[in-house]
Amino acid sequence: MKIGELAKRTGSEVETIRYYEKEGLLPMPPRSEGNYRQYGDGDAERLLFIRHCRSLGMSLDDIRKLQHFQGRPDLACDEIDALLDRHVQETELQIQSLQRLQKQLQALRNTCRTHMSARQCGILQNLENAAAGSDCICHHAHGEAG
(Lines give C-alpha, C1' and ligand atoms only; values in the text may rest on other atoms or scores of the structure.)
Protein backbone atom coordinates (compact mmCIF):
# COMPACT_ATOMS: atom_id res chain seq x y z
CA MET A 1 0.00 0.00 0.00
CA LYS A 2 1.08 3.59 -0.57
CA ILE A 3 1.67 6.09 2.23
CA GLY A 4 -1.78 7.69 1.80
CA GLU A 5 -3.50 4.35 2.25
CA LEU A 6 -1.36 3.57 5.31
CA ALA A 7 -2.28 6.96 6.75
CA LYS A 8 -5.98 6.39 6.16
CA ARG A 9 -5.87 2.82 7.50
CA THR A 10 -4.14 3.86 10.73
CA GLY A 11 -5.73 7.28 11.27
CA SER A 12 -2.34 8.96 10.87
CA GLU A 13 -1.13 11.94 8.90
CA VAL A 14 1.27 11.36 6.03
CA GLU A 15 3.73 13.82 7.60
CA THR A 16 3.59 11.88 10.87
CA ILE A 17 4.49 8.66 9.08
CA ARG A 18 7.43 10.37 7.39
CA TYR A 19 8.50 11.81 10.75
CA TYR A 20 8.43 8.38 12.41
CA GLU A 21 10.52 7.03 9.54
CA LYS A 22 13.02 9.86 9.98
CA GLU A 23 13.15 9.14 13.73
CA GLY A 24 13.75 5.43 13.09
CA LEU A 25 10.49 4.26 14.66
CA LEU A 26 9.29 2.98 11.30
CA PRO A 27 11.71 1.36 8.89
CA MET A 28 12.23 3.06 5.55
CA PRO A 29 9.97 1.14 3.17
CA PRO A 30 11.00 -0.17 -0.20
CA ARG A 31 10.00 1.93 -3.18
CA SER A 32 8.05 1.01 -6.27
CA GLU A 33 9.32 1.56 -9.80
CA GLY A 34 7.45 4.87 -9.70
CA ASN A 35 9.40 5.75 -6.51
CA TYR A 36 6.35 5.42 -4.23
CA ARG A 37 6.85 4.11 -0.73
CA GLN A 38 5.40 0.59 -0.42
CA TYR A 39 4.03 -0.48 2.98
CA GLY A 40 2.68 -3.77 4.26
CA ASP A 41 0.48 -4.99 7.10
CA GLY A 42 3.49 -5.11 9.44
CA ASP A 43 4.07 -1.41 8.90
CA ALA A 44 0.43 -0.68 9.76
CA GLU A 45 0.71 -2.77 12.95
CA ARG A 46 3.93 -1.03 13.93
CA LEU A 47 2.38 2.40 13.28
CA LEU A 48 -0.71 1.52 15.33
CA PHE A 49 1.58 0.40 18.17
CA ILE A 50 3.42 3.74 18.02
CA ARG A 51 0.15 5.68 17.92
CA HIS A 52 -1.19 3.80 20.93
CA CYS A 53 1.99 4.44 22.91
CA ARG A 54 1.82 8.13 21.98
CA SER A 55 -1.82 8.24 23.11
CA LEU A 56 -0.54 7.12 26.50
CA GLY A 57 1.89 10.04 26.54
CA MET A 58 5.01 7.98 25.94
CA SER A 59 8.05 9.67 24.46
CA LEU A 60 9.66 8.58 21.22
CA ASP A 61 12.64 7.31 23.23
CA ASP A 62 10.34 5.16 25.37
CA ILE A 63 8.73 3.77 22.22
CA ARG A 64 12.16 2.95 20.80
CA LYS A 65 12.96 1.02 23.98
CA LEU A 66 9.68 -0.86 23.76
CA GLN A 67 10.33 -1.66 20.11
CA HIS A 68 13.75 -2.99 21.13
CA PHE A 69 12.01 -5.50 23.38
CA GLN A 70 9.46 -6.34 20.72
CA GLY A 71 12.33 -7.43 18.52
CA ARG A 72 13.89 -9.46 21.34
CA PRO A 73 10.97 -11.27 22.98
CA ASP A 74 13.22 -13.56 25.05
CA LEU A 75 14.65 -10.68 27.12
CA ALA A 76 13.38 -10.14 30.66
CA CYS A 77 10.81 -7.37 30.90
CA ASP A 78 12.30 -5.63 33.97
CA GLU A 79 13.25 -2.59 31.90
CA ILE A 80 9.75 -2.43 30.45
CA ASP A 81 8.31 -2.50 33.97
CA ALA A 82 10.70 0.27 35.05
CA LEU A 83 9.83 2.33 31.99
CA LEU A 84 6.13 2.15 32.76
CA ASP A 85 6.67 2.76 36.48
CA ARG A 86 8.62 5.91 35.59
CA HIS A 87 5.87 7.02 33.22
CA VAL A 88 3.21 6.47 35.91
CA GLN A 89 5.30 8.52 38.34
CA GLU A 90 5.74 11.33 35.79
CA THR A 91 1.99 11.28 35.15
CA GLU A 92 1.29 11.60 38.87
CA LEU A 93 3.56 14.65 39.03
CA GLN A 94 1.75 16.16 36.03
CA ILE A 95 -1.60 15.56 37.73
CA GLN A 96 -0.38 17.27 40.90
CA SER A 97 0.89 20.18 38.85
CA LEU A 98 -2.41 20.47 37.00
CA GLN A 99 -4.32 20.36 40.29
CA ARG A 100 -2.17 23.25 41.60
CA LEU A 101 -2.84 25.12 38.37
CA GLN A 102 -6.57 24.50 38.73
CA LYS A 103 -6.54 25.94 42.28
CA GLN A 104 -4.58 28.96 41.07
CA LEU A 105 -7.02 29.58 38.24
CA GLN A 106 -9.96 29.19 40.61
CA ALA A 107 -8.42 31.71 43.02
CA LEU A 108 -7.91 34.09 40.13
CA ARG A 109 -11.46 33.53 38.89
CA ASN A 110 -12.81 34.26 42.37
CA THR A 111 -11.40 37.80 42.18
CA CYS A 112 -14.16 38.77 39.75
CA ARG A 113 -17.62 37.38 40.44
CA THR A 114 -19.76 40.21 39.14
CA HIS A 115 -20.22 41.94 35.81
CA MET A 116 -18.19 45.12 35.76
CA SER A 117 -15.94 47.05 33.45
CA ALA A 118 -12.60 45.59 32.39
CA ARG A 119 -10.94 48.42 34.34
CA GLN A 120 -12.52 47.03 37.55
CA CYS A 121 -12.02 43.35 36.74
CA GLY A 122 -10.05 41.58 39.48
CA ILE A 123 -8.81 38.95 37.07
CA LEU A 124 -7.33 41.49 34.69
CA GLN A 125 -5.90 43.56 37.57
CA ASN A 126 -4.17 40.50 39.05
CA LEU A 127 -2.73 39.47 35.69
CA GLU A 128 -1.47 43.00 35.08
CA ASN A 129 0.04 43.14 38.58
CA ALA A 130 1.82 39.83 37.96
CA ALA A 131 3.17 41.13 34.65
CA ALA A 132 4.51 44.17 36.51
CA GLY A 133 6.32 41.94 39.01
CA SER A 134 3.80 42.00 41.86
CA ASP A 135 2.18 38.95 43.38
CA CYS A 136 -0.90 37.63 41.70
CA ILE A 137 -3.65 36.37 44.00
CA CYS A 138 -3.43 32.93 42.46
CA HIS A 139 0.21 32.54 43.51
CA HIS A 140 -0.04 34.55 46.72
CA ALA A 141 -3.01 32.51 47.94
CA HIS A 142 -1.08 29.26 47.56
CA GLY A 143 2.35 30.39 48.69
CA GLU A 144 3.93 30.06 45.28
CA ALA A 145 6.28 32.37 43.46
CA GLY A 146 4.92 34.28 40.45
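## Exercises on helix packing and salt bridges

H1 and H3 cross in a right-handed sense. Keep in mind that the model you're looking at is predicted. With that said, let's work through it.

**Exercise 1. Classify how helix H1 packs on helix H3.**

Solution. Start by finding the two elements: H1 covers residues 3–10, and H3 covers residues 41–55. Next, take the geometry: the axes lie 10 Å apart, and the angle between the helices is about 45 degrees. An angle under 35 degrees would count as roughly parallel, while 65 to 115 would be roughly perpendicular. The pair fits neither class, so H1 is oblique to H3. Add the hand of the crossing, which is right-handed, and the description is done.

**Exercise 2. Do the same for H4 and H5: which class does their angle fall in, and what is the hand of the crossing?**

Solution. The two axes come within 10 Å of each other and cross at roughly 160 degrees. The cut-off for roughly antiparallel is over 145 degrees, so H4 runs roughly antiparallel to H5. As for the hand, H4 and H5 make a left-handed crossing.

**Exercise 3. Find the salt bridge between Asp 62 and Arg 86, then say how buried or exposed each partner is.**

Solution. First the contact: the side chains of Asp 62 and Arg 86 meet with an N to O distance of 2.8 Å. Then the location: this pair ties together distant parts of the chain, with Asp 62 in helix H4 (residues 60–70) and Arg 86 in helix H5, 24 residues apart. Now the burial: Asp 62 has a relative accessibility of 7%, and under 20% means buried, so Asp 62 is buried. Arg 86 comes in at 34% and is partly exposed.

Don't leave Arg 86 just yet. Glu 90 also forms a salt bridge with Arg 86, with the closest N and O atoms 3.8 Å apart. That one sits within H5: Glu 90 and Arg 86 are 4 residues apart, about one turn of the helix. Glu 90 is partly exposed, at 39% relative accessibility.

**Exercise 4. Why are Glu 15 and Arg 18 about one helical turn apart, and how accessible is each?**

Solution. Begin with the bridge: their side chains meet at 2.7 Å, N to O. Both residues lie in helix H2 (residues 14–22), and because they are 3 residues apart there, about one helical turn separates them. On accessibility, Glu 15 has 54% and is exposed, whereas Arg 18 has 33% and is partly exposed.

**Exercise 5. How many salt bridges does the model have, and which residues does the network of salt bridges link?**

Solution. With a cut-off of 4 Å between the side-chain nitrogen and the carboxyl oxygen, the count comes to 7 salt bridges. The network links Glu 23, Asp 61 and Arg 64.

**Exercise 6. Look at the nonpolar surface patch: which residues make it?**

Solution. Pick out Leu 98, Leu 101 and Leu 105, which together make a patch of about 290 Å². Take Leu 101 to place it: Leu 101 belongs to helix H5, residues 78–109. Patch members need over 30% relative accessible area. Leu 101 has 38%, so it counts as partly exposed.

**Exercise 7. Compare sequence separation with distance in space for Leu 47 and Gly 11, then for Thr 114 and Glu 79.**

Solution. Take Leu 47 to begin with, a residue of H3. Leu 47 is buried, with a relative accessible area of 0%. Leu 47 and Gly 11 are 36 residues apart in sequence, and their C-alpha atoms are 9.7 Å apart.

Now for Thr 114, which sits in the loop between H5 and helix H6 (122–131). Thr 114 is partly exposed, at 48%. Thr 114 and Glu 79 are 35 residues apart in sequence, yet 55 Å apart from C-alpha to C-alpha.

**Exercise 8. Where does Asn 35 lie, and what is its phi?**

Solution. Look in the loop between H2 and H3, where you'll find Asn 35. Its phi is positive, about 70 degrees, although Asn 35 is not a glycine. To finish, check accessibility: Asn 35 has 48%, so it is partly exposed.

Key. Residues are numbered from 1 along each chain as its sequence is written. This is a predicted model: local features need pLDDT of at least 70, side-chain atom pairs count only at pLDDT 80 or more; totals for chains, interfaces and linings use all residues. Side-chain values use heavy atoms; hydrogens and water are left out. Patches are made of residues with over 30% relative accessible area and no salt bridge: like charges are joined within 9 Å, nonpolar side chains (Val, Leu, Ile, Met, Phe, Trp, Tyr) within 5 Å. Accessible areas come from the Shrake-Rupley method with a 1.4 Å probe; for residues, only the protein chains shown count as cover. Buried means under 20% relative accessible area, exposed over 50%, partly exposed in between (1.4 Å probe, protein chains only). Axes are lines fitted to C-alpha atoms, for helices over the stretch in contact, and angles run from 0 to 180 degrees between N-to-C directions. A crossing is left-handed if the near helix is turned anticlockwise from the far one by less than a right angle, and right-handed if clockwise.
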